[in-house]
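Biologist: Could you take me slowly through one part of this model, please? I would like to see how the part is put together and what packs around it.

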Amino acid sequence: MLAEMHIQGLGVIDDATLEPHRGLTVVTGETGAGKTMVVTGLHLLGGGRADSSRVRASSKRAVVEGRFLTASDAPAVRVAADAGADTDDDGSLIALRQVTAEGRSRAHLGGRSVPNAVLSELAEQVLAVHGQNDQLRLLRPAEQRAVLDRFAGDEVAGPLAEYQRVRAKWTETVRELTERTERSREMAREADLLRHGVSEIRAVAPEPGEDHALVDEAARLADVDQLRDTAAGTQAAVSGTADDDSDTASALSLVAEARRRVAAVEDPALRELEPRLAEAAAVLVDVGAELGSYLDRLEADPDRLEQVLARQAELKQLTKKYAADVDGVLAWAAEAEEQLSGMDTSEEALAALAARRDELAEELAGHARDLSAARRRAAGDLAAAVTEELTGLAMGQARVEVGVEPRQAERGDSAALPVDGSTLHAGPEGVDEVELRLVAHSGAPALPVHKGASGGELSRVMLALEVVLAGADTVPTLVFDEVDAGVGGRAAVEVGRRLARLARTHQVIVVTHLPQVAAYADRHLVVDKGSGEGGLTRSDVRAVADEQRVTELARMLAGLDSTETGKAHAEELLATAAKHKSEAPPAAS
């Protein structure tokens, strides 16, 4: 939910802070006071289009900052985490949008600069704004289908999951068959090249790391005389010569002499060195033995050197073609063999793929029929429920229809699916097109809702939908701008009652000019208009309660804020609203 919003330099609002209630918050004020700037601010927080004309004339920039309270496992938190943003110490998310007078826009989330698209993604999880000119969510066909599916719940979710499971297999099979068929000649040439390479590598049969081992062996064979002299000299220095005629004492004899000298004295400090000298002698004995073994193995072998050089030449032919070293050549061969396993373009292989495609298509068509049938059943219930809600929203003659029609596939559609004699487009969400239609009055044609409804009617249709969908809607905060346009009298009271009902399960923020709606608020915010520096209009936002709220409602009734009659009428409205709200559990405080 939206815990707090701070606005600076936006329209007529110079600096204001709003703290909406968890339930129903209404925003009222005189015409031109800047009520719509609250909704504009929410649009900006939601990644909406930045309009420099909205920046206050006396300001260099407009800034909107919102603090959202979310559960630690909420989708909004995952959106923030994916963007590298952090939650605040209390677990809240801080979103900020800044628009300069030159039209430049910057967005921040959780203290990190982010693209506006990230705020849009966040808003999809936490905020839904419904204004007279902002019914995009309702106008998009995909959203209309989503509305129906959300209303239907598990009745549609089950068949949809099965449809999507089979569709994933079907689309992959269709893609593979198409690719193999269209690229059969090209793939055949590519397969020949791969087979030739694999055969060439198999014929040479390189071993992992063999090229590096051969380099070491060739160097050793080429320098055998020098290596023998070095090893023999080292062995003599360590162990002495066989005839021991050298004037230079070996390391082993020197260590032995040192042990005898140390062992011959009584001083404990010197005697303690004897074990360490013994360890040194043991190490020298081992080194001398290893040098002897090395010399025994070190023999000049011109034939072996020739073999090594020939093998190196063989391996070099492979590394010139396939990779930088033998290990890379072996990796190329393994990858080539894997590619070859999926490049069978024989008639038998293509026929097997086609049969698999047709088998999956038949199964998918069955799931598509089940899904469409479930949607059609839910469509009638949704239409009836929304129509019933419209009756109390000054649209008593209006009727909503929810059409579920198959979407025909176009020529060349890669997702064309035969279903009951028709070829339909099998999209990720099914083969159906869902359309909300409005019959404005008796005898009127059923038109798509965005064509058959005025701005105010469209907002009320959206309100009716939100009330019906309240139990299934996962967006916690709903915002309505002038949802009561063109409504008065008892219908206005019904709008207030429905908004209060919606506020039992959601946070609801409403910009309204009707006292009948404002009376149902859990928190009442007033936008006051005044004069600032240089004669510019300057508006503030304040919360009103008790007597101040009565005065504001009286003003809304007919400018009767200073009369007893107006106040009495306002108090009556508040009493009526309180009675209605007491008939059901109130919104959380």
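Modeller: With pleasure! Two strands pair if DSSP finds at least two bridges between them; strands (E, at least two residues) and helices (H or I, at least four) are DSSP runs, numbered from the N terminus. This is a predicted model, so local features need pLDDT of at least 70 and side-chain atom pairs pLDDT 80 or more, while totals for chains, interfaces and linings use all residues. Residues are numbered from 1 along each chain as its sequence is written, and side-chain values use heavy atoms, without hydrogens and water.

Let us look at the open sheet built from 3 strands in the order β9-β12-β13, with antiparallel pairing. Its edges are β9 (399-406) and β13 (446-448), each of which pairs on one side only. On average, neighbouring strands here are turned by 40° against each other, direction ignored (axes are lines fitted to C-alpha atoms, for helices over the stretch in contact, and angles run from 0 to 180 degrees between N-to-C directions). Strand β12, residues 432-439, is joined to β13 by 3 bridges, and the two run antiparallel. Across that pairing, L438 stands opposite L447 of β13.

Now for the helices that cover the sheet. Helix α5 (residues 141-152) lies across β9 and β12, and its direction makes about 85° with β12. α15 also lies across β9 and β12, in this case at about 165° to β9. E143 belongs to α5, and its relative accessible area of 22% makes E143 partly exposed (buried means under 20%, exposed over 50%, partly exposed in between, with a 1.4 Å probe and protein chains only). E143 and V434 are 291 residues apart in sequence, yet their C-alpha atoms are 9.0 Å apart in space.

L438 leads us inward as well. The largest nonpolar core (buried Ala, Val, Leu, Ile, Met, Phe, Trp, Tyr and Cys residues joined through side-chain atoms within 4.5 Å) has 74 residues, and L438 is among those that touch the most other members, together with L24, L390, V402, L417 and L499. Helix α15, spanning residues 347-391, gives this core its largest share, 13 residues. Separate from this core is another one of 42 residues, including I7, V55, A80 and A95.

L417 deserves a closer look too. Setting aside neighbours within four places in sequence, L417 is in contact (heavy atoms within 4.5 Å) with W170, A361, L364, A365, S422, T423, L424, A426 and V431.

A little further along the chain comes D420, in the loop between β10 (416-419) and β11 (422-425). D420 is not a glycine, but its phi is positive, at about 50°. Most residues other than glycine have a negative phi. With 60% relative accessibility, D420 counts as exposed.

D546 makes a useful companion to that residue. It too is a residue other than glycine with a positive phi, near 55°, but D546 is found in helix α20 (residues 546-558). Its relative accessibility is 66%, so D546 counts as exposed. While you are there, notice that α20 packs against helix α21 (residues 564-582) at an angle of about 110°, with the axes 8 Å apart. Among the residues making this contact are V550, L553 and L557 of α20 and A570, L573 and L574 of α21.
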